[in-house]
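Please read the following account alongside the sequence and the coordinates. It moves from one helix outward to the packing around it, and then to loops, rings and cysteines.

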Amino acid sequence: MSDLPRKAITRTAKLATLPLGFAGRATWGLGKRIGGRPAEIVAREVQQRTAEQMFKVLGELKGGAMKLGQAMSVFESALPEEIAKPYRAALTKLQEAAPPMPTRTVHGALEQRLGPEWRELFAEFDDKPAASASIGQVHRAVWHDGRTVAVKVQYPGAGEALISDLNQLSRFARVLGPLVPGLDVKPLIAELRERVAEELDYELEADSQRIHAEEYAEDPDVVVPQVVHQSDQVLITEWLDGIPLSEVIAEGTPEERNRAGQLLARFLFSGASRTGLLHADPHPGNFRLLTGDAPDGPPEKWKLGVLDFGSMDRLPGGLPEPIGIALRMALEGDAQGVYDLLRGEGFVKPAIELDPEALLDFLLPMLEPAQVEEFTFDRQWLRRQAARVADRRSPVYELGNQLNLPPAYLLIHRVCLSTIGVLCQLGAEVRLRNELEDWVPGFAEREEEYTEEAAEAPETVEAVEATEVEEADKGSSEIVAEVPGKTAEASA
């Protein structure tokens, strides 16, 4: 294929083929139905053709177009099966690969960023890309010290393309709806657009990866490759072999799916607590399952390899404590407490009045995975949740529209939804409650408080009794008279 299309007018014209193409195929479908073909078969053909065009356009343009496709890919689990099926293959392909950049372009970028003698830095360099993504592609190579490395090269003009695409896609947001029915595309595009600069900054990405690699260096479950070298628009890291998460989704055994799901949940919830950073791009293309020395051994020994640290939410104190407290209070049935906390955090605006019990009824079905020791995430459960909140005739829909999402929680919200989407694609049984207790501040606080009070109570009683006996022996009735007051204060 040719170089990454860089002119805004060219990219806009290509993006316009998505909604226009859908309209044309819909007209074609209507003609077929008038001609006597069953509506169900015609609709399936229309969706299949739309899906194929989606992959072709988003994949070839890369940039913001492909970034949107990757973000959309984790939400297909929420769509009805008859709608989701045609799109699943096309969207899944965007998680792992896209048409590659020409070799001459790759060499030119390496010469510009690493110098004219760039080949001397490598003992070997494979010109065929190992992976192609939204703003860069990865080549396998051997560094001059013998280490196998991944060389990520940013597409020339990726920055301009990314900004141009997301600006244009925001204009098309309403007509893009039919491409993936049920998904609200506009806020997704807006959030991606806000993170453009961070996505393009390989120095920032290298720093984030170094922090994770250091923190998880001795971790029994998670592997993060070390950064080997970084320069403007080129990032070189240790190579990570493993099974792509997308392959486990497509054909993994139940045991493999469960292990992958548990590791994914563990990493995404532990990362903010351990590093102050939340990995904000949890689509399957960014994860590998490492089988170690026993590829045919039990999945319980698998580790999760994590790639791509370009999109991060910076949370120095870990996940906000109100999240954990609200989850705990909701599971305890404290409707008023949840309402007051969400209002205080800005989820309920001052001018809005909601029934706390109705709010709790709105939230609890979504919190089902945290209510049990082990929960099976599957597409059917997610579809039920999506249908429940999307039914315009339901009070749940009206209540949901009155809630606000504060800016500080935007990325956290998308990461959580994306993670749930991937877990449902896996169909994994996950002990989510364990991860929440371990890593989400405030979630297990009530139990900790109870334990501390229980540990302190006998000591307090013994101290009071000892004081009473001592003072009685001294015959100091005045001091003894004060003890009950002190005891009551201590108990309070």
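**A kinked helix and its surroundings**

Helix H11 has a kink of about 30°, centred on Phe269. The model is a predicted one, and the angle should be read in that light. How far apart are the end C-alpha atoms of H11? They are 31 Å apart, which agrees with the 32 Å that the 22 residues of H11 should span at 1.5 Å a residue. Just after H11 comes Gly276, with a positive phi of about 75°.

The helix also matters for describing the interior. The largest nonpolar core has 65 residues, and those touching the most other members are Leu245, Phe267, Leu289, Val306, Leu342, Phe377 and Leu426. Helix H11, covering residues 254-275, gives the most to this core, with 8 residues. If neighbours within four places in sequence are set aside, Phe267 is in contact with His212, Tyr216, Val222, His279, Phe287, Leu304, Val306 and Phe309. A second core, separate from this one, has 27 residues, among them Met101, Val106, Trp143 and Val151.

Trp143 also belongs to a cluster in which ring pairs link Trp118, Phe122, Phe125 and Trp143. The count of aromatic pairs comes to 10. In the pair formed by Trp118 and Phe122, the ring centres are 6.2 Å apart and the planes stand at 70°, so the pair is edge-to-face, a class that requires planes over 60 degrees apart. Both partners lie under the 20% limit for burial: Trp118 counts as buried because its relative accessibility is 5%, and Phe122 is buried with a relative accessible area of 8%.

Two loops between strands contain backbone angles that deserve attention. Gln233, although not a glycine, has a positive phi of about 70°, and this residue is found in the loop between strand S6 (227-231) and strand S7 (234-238). Asp308, likewise a residue other than glycine, has a positive phi near 65°, and Asp308 lies in the loop that runs between strand S11 (303-306) and strand S12 (312-314). Since the relative accessibility of Asp308 is 22%, Asp308 counts as partly exposed.

The cysteines complete the tour. How many disulfides does the structure hold? The number is 0. A disulfide is a covalent bond between the sulfur atoms of two cysteines. As for the surroundings of individual cysteines, is Cys424 buried or exposed? Cys424 counts as buried, at 2% relative accessibility, whereas Cys416, at 33%, counts as partly exposed.

How values were computed. Residues numbered from 1 in each chain as written. Predicted model: local features only at pLDDT ≥ 70, side-chain atom pairs only at ≥ 80, totals over all residues. Heavy atoms only, no water. Core = buried A, V, L, I, M, F, W, Y, C linked by side-chain atoms within 4.5 Å. Buried < 20%, exposed > 50% of the residue type's maximum accessible area, 1.4 Å probe, protein only. Helix = DSSP H or I, 4+ residues; strand = E, 2+ residues; numbered from the N terminus. Contact = heavy atoms within 4.5 Å. Expected span 1.5 Å × (residues − 1). Bend = angle between axes of the 7 residues up to and from the residue. Disulfide = S-S within 2.5 Å. Phe/Tyr/Trp six-rings, centres within 6.5 Å; stacked < 30°, edge-to-face > 60°.
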